Amino acid sequence: ERKEFIKERRATQVLINTANTIDNADGNVLSALYTPLQNQLGFNTEQLGAITTARALLQAVSTPVWGCFGDRFSRKVILAIGCLIWGVFTVILGFLSNFWGMLFVRAFTGLGLAVIFPTAQSLVADYFPKSKRGQAFGMLGLTTVLGAIVGTLYATLFSDTTVLGYPGWRFVFITVGVFSLILGVVVWIFEIGRAHV
(Lines give C-alpha, C1' and ligand atoms only; values in the text may rest on other atoms or scores of the structure.)
Protein backbone atom coordinates (compact mmCIF):
# COMPACT_ATOMS: atom_id res chain seq x y z
CA GLU A 1 0.00 0.00 0.00
CA ARG A 2 1.20 3.50 -0.83
CA LYS A 3 2.22 5.73 2.07
CA GLU A 4 -0.06 8.49 0.80
CA PHE A 5 -3.04 6.15 0.80
CA ILE A 6 -2.27 4.85 4.30
CA LYS A 7 -1.96 8.41 5.58
CA GLU A 8 -5.27 9.38 3.97
CA ARG A 9 -6.92 6.24 5.35
CA ARG A 10 -5.82 7.08 8.89
CA ALA A 11 -7.04 10.65 8.58
CA THR A 12 -10.34 9.44 7.16
CA GLN A 13 -10.77 6.97 10.00
CA VAL A 14 -10.16 9.70 12.57
CA LEU A 15 -12.71 11.95 10.88
CA ILE A 16 -15.46 9.35 10.54
CA ASN A 17 -14.99 8.07 14.08
CA THR A 18 -15.03 11.61 15.45
CA ALA A 19 -18.16 12.34 13.44
CA ASN A 20 -19.71 9.09 14.66
CA THR A 21 -18.95 10.03 18.27
CA ILE A 22 -20.49 13.50 17.95
CA ASP A 23 -23.44 12.10 15.97
CA ASN A 24 -24.32 9.66 18.73
CA ALA A 25 -23.65 12.24 21.44
CA ASP A 26 -26.07 14.60 19.72
CA GLY A 27 -28.61 11.82 19.31
CA ASN A 28 -28.61 11.12 23.05
CA VAL A 29 -28.49 14.55 24.68
CA LEU A 30 -32.21 15.25 24.42
CA SER A 31 -33.31 12.27 26.50
CA ALA A 32 -30.82 13.27 29.21
CA LEU A 33 -32.39 16.75 29.27
CA TYR A 34 -36.02 15.72 29.69
CA THR A 35 -36.21 16.86 33.34
CA PRO A 36 -34.97 20.46 32.81
CA LEU A 37 -37.15 20.77 29.70
CA GLN A 38 -40.15 19.66 31.75
CA ASN A 39 -39.29 21.97 34.65
CA GLN A 40 -38.32 25.07 32.65
CA LEU A 41 -40.51 24.84 29.56
CA GLY A 42 -43.41 22.84 30.96
CA PHE A 43 -43.19 20.06 28.39
CA ASN A 44 -44.95 16.82 29.26
CA THR A 45 -43.72 13.31 28.56
CA GLU A 46 -45.82 12.99 25.40
CA GLN A 47 -44.35 16.18 23.93
CA LEU A 48 -40.79 15.14 24.70
CA GLY A 49 -41.48 11.73 23.21
CA ALA A 50 -42.88 13.38 20.08
CA ILE A 51 -39.75 15.54 19.68
CA THR A 52 -37.52 12.48 20.07
CA THR A 53 -39.63 10.45 17.64
CA ALA A 54 -39.65 13.21 15.03
CA ARG A 55 -35.86 13.22 14.97
CA ALA A 56 -35.62 9.44 14.81
CA LEU A 57 -38.27 9.21 12.08
CA LEU A 58 -36.67 11.74 9.75
CA GLN A 59 -33.26 10.22 10.44
CA ALA A 60 -34.53 6.75 9.51
CA VAL A 61 -36.32 7.90 6.35
CA SER A 62 -33.40 10.00 5.08
CA THR A 63 -30.62 7.47 5.74
CA PRO A 64 -31.19 5.56 2.46
CA VAL A 65 -31.30 8.86 0.58
CA TRP A 66 -27.88 9.84 1.93
CA GLY A 67 -26.67 6.37 0.97
CA CYS A 68 -27.76 7.01 -2.63
CA PHE A 69 -26.00 10.38 -2.63
CA GLY A 70 -22.88 8.62 -1.35
CA ASP A 71 -22.90 6.40 -4.44
CA ARG A 72 -22.88 9.45 -6.71
CA PHE A 73 -20.89 12.17 -4.97
CA SER A 74 -17.90 12.59 -2.66
CA ARG A 75 -18.84 10.93 0.62
CA LYS A 76 -16.53 13.21 2.58
CA VAL A 77 -18.31 16.26 1.20
CA ILE A 78 -21.62 14.59 2.07
CA LEU A 79 -20.28 13.90 5.58
CA ALA A 80 -19.32 17.56 5.91
CA ILE A 81 -22.76 18.67 4.74
CA GLY A 82 -24.41 16.31 7.25
CA CYS A 83 -22.29 17.69 10.11
CA LEU A 84 -23.19 21.23 9.11
CA ILE A 85 -26.91 20.43 8.88
CA TRP A 86 -27.17 18.76 12.26
CA GLY A 87 -24.83 21.35 13.78
CA VAL A 88 -26.94 24.31 12.62
CA PHE A 89 -30.22 22.77 13.78
CA THR A 90 -28.76 21.69 17.14
CA VAL A 91 -27.52 25.23 17.79
CA ILE A 92 -30.94 26.64 16.84
CA LEU A 93 -32.57 24.15 19.22
CA GLY A 94 -30.67 25.73 22.09
CA PHE A 95 -32.46 29.04 21.51
CA LEU A 96 -36.02 27.75 21.22
CA SER A 97 -38.66 27.49 23.93
CA ASN A 98 -41.88 26.36 22.23
CA PHE A 99 -42.92 22.80 21.50
CA TRP A 100 -43.69 23.09 17.78
CA GLY A 101 -40.48 24.93 17.06
CA MET A 102 -38.42 22.34 18.90
CA LEU A 103 -40.31 19.49 17.22
CA PHE A 104 -39.61 20.91 13.75
CA VAL A 105 -35.98 21.78 14.40
CA ARG A 106 -35.15 18.51 16.15
CA ALA A 107 -36.70 16.58 13.26
CA PHE A 108 -34.34 18.31 10.83
CA THR A 109 -31.42 17.53 13.12
CA GLY A 110 -32.19 13.91 12.26
CA LEU A 111 -31.74 14.74 8.59
CA GLY A 112 -28.10 15.59 9.25
CA LEU A 113 -27.51 12.78 11.74
CA ALA A 114 -28.65 10.28 9.10
CA VAL A 115 -25.50 10.94 7.06
CA ILE A 116 -23.17 9.03 9.36
CA PHE A 117 -24.36 5.44 9.02
CA PRO A 118 -24.18 4.93 5.23
CA THR A 119 -21.22 7.26 4.74
CA ALA A 120 -18.98 5.85 7.47
CA GLN A 121 -19.80 2.25 6.58
CA SER A 122 -19.04 2.71 2.89
CA LEU A 123 -15.81 4.62 3.57
CA VAL A 124 -14.58 1.82 5.84
CA ALA A 125 -15.45 -0.75 3.18
CA ASP A 126 -13.48 1.19 0.54
CA TYR A 127 -10.44 2.18 2.56
CA PHE A 128 -9.73 -1.02 4.48
CA PRO A 129 -8.70 -4.41 3.10
CA LYS A 130 -10.44 -7.53 4.37
CA SER A 131 -7.64 -8.16 6.87
CA LYS A 132 -8.30 -4.81 8.62
CA ARG A 133 -11.96 -4.17 7.88
CA GLY A 134 -13.33 -5.92 10.98
CA GLN A 135 -11.14 -3.80 13.25
CA ALA A 136 -12.25 -0.63 11.45
CA PHE A 137 -15.92 -1.55 11.84
CA GLY A 138 -15.19 -2.38 15.47
CA MET A 139 -13.94 1.19 15.96
CA LEU A 140 -17.19 2.47 14.52
CA GLY A 141 -19.07 0.33 17.02
CA LEU A 142 -16.88 1.64 19.84
CA THR A 143 -17.40 5.28 18.89
CA THR A 144 -21.15 4.70 18.54
CA VAL A 145 -21.41 3.60 22.17
CA LEU A 146 -18.79 6.11 23.31
CA GLY A 147 -20.74 8.95 21.72
CA ALA A 148 -23.94 7.87 23.46
CA ILE A 149 -22.12 7.77 26.80
CA VAL A 150 -20.37 11.11 26.27
CA GLY A 151 -23.59 12.81 25.14
CA THR A 152 -25.55 11.51 28.11
CA LEU A 153 -22.85 12.42 30.63
CA TYR A 154 -22.30 15.85 29.09
CA ALA A 155 -25.99 16.68 29.11
CA THR A 156 -26.44 15.36 32.65
CA LEU A 157 -23.46 17.35 33.90
CA PHE A 158 -24.89 20.69 32.74
CA SER A 159 -28.63 19.98 32.87
CA ASP A 160 -29.30 21.72 36.20
CA THR A 161 -26.72 24.48 35.93
CA THR A 162 -26.47 27.96 34.42
CA VAL A 163 -23.51 28.59 32.12
CA LEU A 164 -22.63 32.08 30.88
CA GLY A 165 -26.17 33.17 31.70
CA TYR A 166 -27.76 30.31 29.75
CA PRO A 167 -29.70 27.44 31.31
CA GLY A 168 -27.52 24.35 31.16
CA TRP A 169 -29.73 22.54 28.64
CA ARG A 170 -29.40 25.43 26.20
CA PHE A 171 -25.63 25.45 26.69
CA VAL A 172 -25.52 21.72 25.91
CA PHE A 173 -27.41 22.04 22.63
CA ILE A 174 -25.44 25.08 21.52
CA THR A 175 -22.01 23.61 22.29
CA VAL A 176 -22.77 20.20 20.77
CA GLY A 177 -24.00 22.01 17.68
CA VAL A 178 -20.83 24.11 17.53
CA PHE A 179 -18.68 20.97 17.81
CA SER A 180 -20.61 19.53 14.87
CA LEU A 181 -20.14 22.70 12.81
CA ILE A 182 -16.40 22.72 13.50
CA LEU A 183 -16.15 19.08 12.47
CA GLY A 184 -18.10 19.79 9.28
CA VAL A 185 -15.67 22.57 8.34
CA VAL A 186 -12.66 20.35 9.12
CA VAL A 187 -14.02 17.50 6.96
CA TRP A 188 -14.80 19.94 4.15
CA ILE A 189 -11.30 21.46 4.25
CA PHE A 190 -9.73 17.99 4.40
CA GLU A 191 -11.62 16.81 1.32
CA ILE A 192 -11.09 20.00 -0.69
CA GLY A 193 -7.39 20.02 0.23
CA ARG A 194 -7.01 16.37 -0.77
CA ALA A 195 -8.74 17.00 -4.07
CA HIS A 196 -6.10 19.61 -4.97
CA VAL A 197 -3.05 17.53 -4.03
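Me: Is W188 buried, exposed or partly exposed?
Reply: Happy to start there, with the ground rules: this is a predicted model, where local features need pLDDT of at least 70, side-chain atom pairs count only at pLDDT 80 or more, and totals for chains, interfaces and linings use all residues. Residues are numbered from 1 along each chain as its sequence is written, and side-chain values use heavy atoms, with hydrogens and water left out. Buried means under 20% relative accessible area and exposed over 50%, with partly exposed in between (1.4 Å probe, protein chains only). W188 has a relative accessible area of 37%, so the residue is partly exposed.

Me: Which helix supplies the largest share of the nonpolar patch that includes W188?
Reply: I81, V185, W188 and I189 form this surface patch, with about 360 Å² of accessible area together (Shrake-Rupley method, 1.4 Å probe, only the protein chains shown counting as cover). Patch residues have over 30% relative accessible area and no salt bridge; nonpolar side chains (Val, Leu, Ile, Met, Phe, Trp, Tyr) are joined within 5 Å, and like charges within 9 Å. Helices are DSSP runs (H or I, at least four residues), as strands are (E, at least two), numbered from the N terminus. The largest share, 3 residues, comes from helix α8 (residues 168–195).

Me: Which residue meets R106 in a salt bridge, and is the pair buried or exposed?
Reply: A salt bridge needs a side-chain nitrogen of Lys or Arg within 4 Å of a carboxyl oxygen of Asp or Glu. The partner of R106, which sits in helix α5 (residues 99–113), lies 80 residues away in helix α1 (residues 3–32). The N to O distance is 2.9 Å. Both residues are buried, and the partner is D26.

Me: What is the N to O distance in the salt bridge of R75 and D126?
Reply: R75 is in helix α4 (residues 75–93) and D126 in helix α6 (residues 116–127), 51 residues apart. R75 is buried, with a relative accessible area of 19%. The side chains meet at 2.6 Å.

Me: Why is the pair of Y154 and F158 stacked, tilted or edge-to-face?
Reply: Rings of Phe, Tyr and Trp (its six-membered ring) pair if their centres lie within 6.5 Å; planes under 30 degrees apart count as stacked, over 60 as edge-to-face and the rest as tilted. Y154 and F158 both lie in helix α7 (residues 130–158), 4 residues apart, and both are buried. Their centres are 5.1 Å apart and their planes at 70°, so the pair is edge-to-face.
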